[in-house]
Amino acid sequence: MADYDSIVRGGTIVTASDVFLADLAIKDGVVAAIGSDLGTAAEIIDASGMLILPGGVDTHVHLEQTGLGPEMCDSWESGTASAAAGGTTTVVCFAWQPKGGSLAAVAADYRIKAQKARVDYSFHLTVTDPTPEVLEVELPQLIAEGCRSVKVFMTYDGVRLDDRQVLRTLAAARRNEALVCVHAENHDLIAWLTEQLVSAELTAPKFHAYAKPMIAEREAVYRIISLAEALDVPIQIFHVSGAQSAEEIARAQARGLKVWGETCVHYLTLTAEDLDRPGFEGAKYIFGPPARTEADQDALWGYLKRGVIEVVSSDHSPTRFDDPKGKKFAGDPAPFNKVPNGIPGLAARLPVLFTEGVSKGRIDLPTFVRLTSTNPAKLFGLFPQKGSLAVGSDADFILWDPHKAVTLTNALMHHGGDYTPYEGYRTQGYPVATFLRGKPIFDGETVVGAAGGGRFIARQPYPMIAPLQRFPTPFNAVEGKLT
Ligand code: URP
Ligand code: ZN
Ligand code: ZN
């Protein structure tokens, strides 16, 4: 009988801190040994000339959310095919409370839908209506079941919370040991600017960026940091789009606060100019907050290198372009404020970030692994099961060809959408195979992971998101007592 199920031989392992030549032995879906001359295995996987990277962990992915009007074009089945094709082996998606409805009911339904996943997964809990029932009964139960992160919106009609509701939700998350993730934009400023733009008949896609200027994001980032500081609650700011928001996060971190930042590949590669493509093409680039300027991109790279922003996600939130259920939901063309926000990005995340980051010399290999796998796994309580290639971790890995040039097309995304914002983009670096718990789920061309092969990962309490026990006054407002 062989010592191991498989040995990955001849590759270069990249971790969050090191790059080294070694073989990787796998038994029962976990990494069993790392080194040389490891023994015998039922299967030898040849990794000569390849990098062996921990599977991507994408902690910001929207799949199969319903009841929003426009239709999301990725199910758990198609969305996780796209994940596998891009080297991502774990996704965290959103159980999204309908306004006036039950979060628990939607999470239960989402658990059933997610049984079609091809990669491992967990859930964030999106709170759109923080009633006492939701905050005091449903949220504690769902967090205890392992959905240990809560998402709040400060903008968007029908989903946003006002500041008092945000405070109640932050307090509930703190009591139940969950991380809060925030979509931070000033709703009233955006609503008023939108009214003014529409009144002036300035409704082409490019005016989306005029309606959501950087100042709307920066103000909300500062405000949520202040609210979270007042209640001593750790938070992650989602989709930081440019320099000014990142500066607020850096300032908070310098004060010792547990405030983390996420950016997305599109903020590093696209600009507001992409909204000004001919005809209605700009609608393909409508997402919120919008893409900014090249100067913002440069600043974001700096914040990534310095570790102020620690995670690069996809914010995969796809609707089809040429479809009355998608970007053309309100017509062709439709005014920018009626176009659904969001773009696909799951499969492109790693190849585009590798090309822009590693191949162009902006970041080194361990930084790439930290941003795309290790840091999100740590921040969301998935580490060391995920985000790591160490003995005992799940054997989720990518065989990565650092030189492979691929011209991206929609077909290569393996998703349910009819476009990719990266059509024609030339990569330098691409996954040639993806493995989930030791089994192949992508062979370089075809997604071979079965629908249903993914597992729910319940996230237990973890020290990284423990509060600081630091309040602005000697009153712990969350517990309602003097400290
Ligand atoms: O435009 C975006 N980002 N759509 C997805 C929902 C969100 O705000 O994260
Ligand atoms: Zn958002
Ligand atoms: Zn999102």
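**Two zinc sites and a bound ligand**

Tutor: In this predicted model, the zinc ion (ligand 3) has as its protein donors His60 (NE2), His62 (NE2) and Asp315 (OD), which lie 2.0 to 2.1 Å from it. Along the sequence these donor residues are spaced H-x1-H-x252-D.

Student: What makes His60, His62 and Asp315 donors of the zinc ion (ligand 3)?

Tutor: A donor is an N, O or S atom within 2.8 Å of the metal, and the named atoms of His60, His62 and Asp315 lie 2.0 to 2.1 Å from the zinc ion (ligand 3), so they meet that cut-off.

Student: Why is the site of the zinc ion (ligand 3) called tetrahedral?

Tutor: Four donors count as tetrahedral if all angles lie between 85 and 135 degrees. The four donor atoms of the zinc ion (ligand 3) make angles of 86 to 119°, and therefore the site is classed as tetrahedral. For comparison, the ideal angle for four tetrahedral donors is 109.5 degrees.

Student: Why is the site of the zinc ion (ligand 2) called irregular?

Tutor: Here the angles among the four donor atoms run from 56 to 142°, whereas the tetrahedral class requires all angles to lie between 85 and 135 degrees. Square planar is excluded as well, because opposite donors would have to be over 155 degrees apart, and so the site of the zinc ion (ligand 2) is irregular.

Student: Which residues coordinate the zinc ion (ligand 2), and at what distance?

Tutor: His183 (ND1) and His239 (NE2) coordinate the zinc ion (ligand 2) at 2.1 Å. His183 belongs to strand β12 (residues 179-183), while His239 sits in the loop between β13 (235-237) and α8 (243-254), so the pair ties together parts that are 56 residues apart in sequence. The zinc ion (ligand 2) and the zinc ion (ligand 3) are 3.9 Å apart.

Student: How do you know whether His60 and His62 are buried or exposed?

Tutor: Buried means under 20% relative accessible area. His60 has 1% relative accessibility and His62 has a relative accessible area of 5%, so both count as buried.

Student: What makes the pairs between ligand 1 and His60, Gly288 and Gly342 polar contacts?

Tutor: A polar contact is a pair of N or O atoms within 3.5 Å. An oxygen atom of ligand 1 is 3.3 Å from an N or O atom in the side chain of His60, one is 2.7 Å from a polar backbone atom of Gly288, and one is 3.3 Å from a polar backbone atom of Gly342, so these pairs meet the cut-off. Taken alone, ligand 1 exposes 260 Å², of which the protein buries 95%.

Note on methods. Residues are numbered from 1 along each chain as its sequence is written. Chains are lettered from A and ligands numbered from 1 in the order in which they are written. This is a predicted model: local features need pLDDT of at least 70, side-chain atom pairs count only at pLDDT 80 or more; totals for chains, interfaces and linings use all residues. Side-chain values use heavy atoms; hydrogens and water are left out. Donors are N, O and S atoms within 2.8 Å of the metal (3.2 Å for Na, K and Ca); water is not among the atoms, so sites may look incomplete. Four donors count as tetrahedral if all angles lie between 85 and 135 degrees; four count as square planar and six as octahedral if opposite donors are over 155 degrees apart and all others between 65 and 115; anything else is irregular. Helices (H or I, at least four residues) and strands (E, at least two) are DSSP runs, numbered from the N terminus. Buried means under 20% relative accessible area, exposed over 50%, partly exposed in between (1.4 Å probe, protein chains only). A polar contact is a pair of N or O atoms within 3.5 Å; within protein, one must be able to donate a hydrogen and the other to accept it, and residues adjacent in sequence count only if both atoms are side-chain atoms. Accessible areas come from the Shrake-Rupley method with a 1.4 Å probe; for residues, only the protein chains shown count as cover.
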